[in-house]
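Here's a quick briefing to read alongside the model. Take a look at it, then come back for the tour.

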Amino acid sequence: MEINVGDILVMKKEHPCKNKEWEVLRTGADLRIKCLGCGHQVMSSRKNIEKNIKEIKSSNIS
């Protein structure tokens, strides 16, 4: 799965702040993502995050 820094991930389940969109801050074997609702940051394994993604909104940075 192609995930780049700056992409917006729409997750299957919502965060406790009622938001489903997260911004990718760091990629690699682990991903650091930030909730666009409350600003909470999480670092988790790529595998764990990929299985919970519903949609990827690409940042289109050239």
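Let's start with one residue: S44 sits in strand β4, which covers residues 41-45. Keep in mind that what you're looking at is a predicted model. From S44 we'll hop to E50 and then step back to the whole chain.

**Starting point: S44**

- Is S44 buried or exposed? S44 has a relative accessibility of 17%, and the cut-off for buried is under 20%, so S44 counts as buried.
- The side chain of S44 has a polar partner: it makes a polar contact with the side chain of N48, at 3.1 Å.
- If you skip residues up to four places away in sequence, S44 touches D30, L31 and I49.

**Next stop: E50**

- E50 belongs to helix α1, made up of residues 46-50.
- How does E50 fare for exposure? Its relative accessible area is 22%, and the range for partly exposed lies between 20% and 50%, so E50 is partly exposed.
- Which residues does E50 meet once its neighbours within four places in sequence are set aside? They are M1 and I3.
- E50 and G6 are 44 residues apart in sequence, and their C-alpha atoms are 16 Å apart in space.

**How the chain is put together**

- The chain has five strands and one helix.
- Follow the sequence along and you get the pattern β-β-β-β-α-β.
- The radius of gyration is 11 Å, close to the 11 Å that the globule rule gives for 62 residues, so the chain is as compact as a globular protein of that length.
- Want a feel for the dimensions? The C-alpha trace spans about 30 × 25 × 20 Å along its principal axes.

**Inside and contacts**

- Of the chain's 62 residues, 27% count as buried, and S44 is one of the buried residues.
- Take the contacts in the chain with a separation of 6 or more: 34% of them are between residues 24 or more positions apart.

**Surface and charge**

- About 4100 Å² of the chain is exposed, and carbon and sulfur atoms supply 47% of that area.
- How many charged side chains are there? The chain carries 12 positive and 8 negative ones.
- The centres of those two sets of charges lie 7 Å apart.

Technical notes. Residues are numbered from 1 along each chain as its sequence is written. This is a predicted model: local features need pLDDT of at least 70, side-chain atom pairs count only at pLDDT 80 or more; totals for chains, interfaces and linings use all residues. Side-chain values use heavy atoms; hydrogens and water are left out. Helices (H or I, at least four residues) and strands (E, at least two) are DSSP runs, numbered from the N terminus. The radius of gyration is taken over C-alpha atoms; the globule rule is 2.2 Å times the number of residues to the power 0.38. Buried means under 20% relative accessible area, exposed over 50%, partly exposed in between (1.4 Å probe, protein chains only). Contact means heavy atoms within 4.5 Å. Accessible areas come from the Shrake-Rupley method with a 1.4 Å probe; for residues, only the protein chains shown count as cover. Lys and Arg count as positive and Asp and Glu as negative; His and the chain ends are not counted. The place of a charge is taken as NZ of Lys, CZ of Arg, CG of Asp or CD of Glu. A polar contact is a pair of N or O atoms within 3.5 Å; within protein, one must be able to donate a hydrogen and the other to accept it, and residues adjacent in sequence count only if both atoms are side-chain atoms.
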